[in-house]
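Thanks for coming, everyone. I would like to use this slot to walk through one model, with the sequence and the coordinates on the screen while I talk.

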Amino acid sequence: MSPRLNGKVIYVTGAASGIGLACVRRFADEGAVVVGADLNETDAWAEATRAAPAADFHVMDVRDEAAQQAVAADILARHGRIDALVTAAGVAGGGFVHMLDLAEWQRVQDVNITGTFISCKAVLPAMIAQRSGAIVTIASVEGLEGCEGGSSYNAAKGAVVLLTKNMACDYGRAGIRANTICPGFIDTPMFQSVIAPLPMASEIREQHKLGRFGRPEEIAGAAFFLISEDASFVSGVALPVDGGYVAGHSYGLSGMMFGAA
Ligand SMILES: NC(=O)c1ccc[n+]([C@@H]2O[C@H](COP(=O)([O-])OP(=O)(O)OC[C@H]3O[C@@H](n4cnc5c(N)ncnc54)[C@H](O)[C@@H]3O)[C@@H](O)[C@H]2O)c1
């Protein structure tokens, strides 16, 4: 099949690892001009963008509004437009509220929701001027429902869901679509450091009705769809890509019936 994002200029935060990196790889393979930003550049970035017609990387903290504005200005100077934004920069967090330091709460909000806000704010003027654009934020299933120990992370991701829906309301008449992906638990470096070592990791896996954790490419596929023309009438959606995690409760009956995945 021919590339389906030919020449589209797509800005991805959190581009050096995990879900963001998988998005970069997919968009590059689909012919997009990819601009990535992250705290540090990784070798994987060069490998992921080998197919891209052009690829720029910015070392940047999503919490830094001036840096984000500078990246947006650079994208416009070099490529003339910003067709899409994917906000994949994020940090894990959580803890029981009565034990949670204010500074730790704030760190999770600063990166996950304020960083998303700053990213969107940086690209929206260009998208409004173009009267077109697609914003895809990365929230979480933990932004759709509670989860033991989630606290600060769930609060931030819930805010990402509603910020995205609100942008769909505010900017639809400017030709801009805004959608959020709510991944289940996806096997990335974040997952390997935070979730995989937990004693209850297999219980978490079992909450995915497909009986497995997800792969970063499966989130990139959803991001590709939401950016593509196939999603031209899709806006304001919080899309779980979660192997059925939020479909309902599971108590083991289907495992008895059908065995392991
Ligand atoms: N892996 C999962 O199970 C899962 C599930 C649901 C949602 N998510 C979300 O998906 C997104 C990507 O997560 P991942 O699993 O790929 O994690 P990851 O740690 O592999 O990648 C996240 C990237 O974000 C970057 N980042 C962190 N703070 C930043 C900052 N202040 N400025 C710029 N870049 C920053 C990191 O350097 C890293 O490269 C996050 O928002 C995460 O919350 C992940």
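I will go through the strands, the core, the ligand shell and then a few single residues. Before anything else, please keep in mind that what you see is a predicted model.

Let me begin with β1, residues 9-13, where five of the five residues are buried, so this strand is largely enclosed by the rest of the structure. If you look at the directions of the side chains, V9, Y11 and T13 point one way from β1 while I10 and V12 point the other way, and all of them are buried. On the pairing, β1 is joined to β2, residues 33-38, in the parallel sense over five bridges, and it is joined to β4, residues 84-87, by four bridges, again parallel. T13 is a convenient residue to keep selected in your viewer here, since it stands opposite A37 in β2 and also opposite T87 in β4. As for the connection, β1, α1 and β2 together make a right-handed β-α-β unit.

Now to β6, residues 176-183, where eight of the eight residues are buried, so this strand too is largely enclosed by the rest of the structure. Both of its faces are covered, with I176, A178, T180 and C182 buried on one side and R177, N179, I181 and P183 buried on the other. Which strands, then, does β6 pair with? With β5, residues 133-138, it runs parallel and shares six bridges, and with β7, residues 238-241, it also runs parallel, this time through four bridges. The residue to follow in this part is I181, which is the bridge partner of I138 in β5 and stands opposite L239 in β7. To get from β5 to β6 the chain passes through helix α5, residues 151-171, and this β-α-β crossover is right-handed.

Next, the packing. The largest nonpolar core has 73 residues, and those that touch the most other members are I10, C23, V34, V123 and A223. Among the contributors to this core, α4 gives the most, with 10 residues. To take one of those well-connected members, C23 is in contact with V12, V86, A88, A220 and A223, once its neighbours within four places in sequence are left aside.

That brings me to the ligand. There are 27 residues around the ligand, of which G14, S17, G18, G90 and M190 come nearest. By class, the residues of this shell divide into 15 nonpolar, nine polar and three charged. In terms of helices, α1 (18-29), α4 (102-130) and α6 (189-194) each supply at least two residues of the shell.

I will finish with some single residues, starting with G93, which lies in the loop between β4 and α4. Is G93 buried or exposed? With 23 other C-beta atoms within 10 Å, against a threshold of 20 or more, G93 is buried. Not counting residues up to four places away in sequence, G93 touches E104, V108, S152 and Y153, and its C-alpha atom is separated by 11 Å from that of I195, 102 residues apart along the chain.

V234, in the loop between α8 (216-227) and β7, is partly exposed, with 15 other C-beta atoms within 10 Å. Leaving out residues up to four places away in sequence, V234 touches R177, N179 and L226, two of which, R177 and N179, we already met as buried residues on one side of β6. Its C-alpha atom and that of G18, 216 residues apart along the chain, are separated by 25 Å.

C169, in helix α5, is exposed, with 11 other C-beta atoms within 10 Å, and the C-alpha atoms of C169 and R81, which are 88 residues apart along the chain, are separated by 22 Å.

The last item concerns backbone torsions. Most residues other than glycine have a negative phi. Against that background, R131, in the loop between α4 and β5, has a positive phi of about 60° although it is not a glycine, and with 11 C-beta neighbours inside 10 Å it counts as exposed. S151, which lies in helix α5, likewise has a positive phi, near 25°, but S151 is buried, with 22 other C-beta atoms within 10 Å.

Methods. Residues are numbered from 1 along each chain as its sequence is written. This is a predicted model: local features need pLDDT of at least 70, side-chain atom pairs count only at pLDDT 80 or more; totals for chains, interfaces and linings use all residues. A residue is near a molecule or strand if its C-beta atom, placed from the backbone, lies within 6 Å of it. Ala, Val, Leu, Ile, Met, Phe, Trp, Tyr, Cys and Pro count as nonpolar, Asp, Glu, Lys and Arg as charged, and the others, Gly among them, as polar. A residue is buried if 20 or more other C-beta atoms lie within 10 Å of its own, exposed if 12 or fewer, and partly exposed in between; C-beta atoms are placed from the backbone. Two strands pair if DSSP finds at least two bridges between them. A crossover is right-handed if, with the strands pointing away from the viewer, the path from the first strand over the helix to the second runs clockwise. A nonpolar core is a set of buried Ala, Val, Leu, Ile, Met, Phe, Trp, Tyr and Cys residues joined through C-beta atoms within 7 Å. Two residues are in contact if their C-beta atoms, placed from the backbone, lie within 7 Å.
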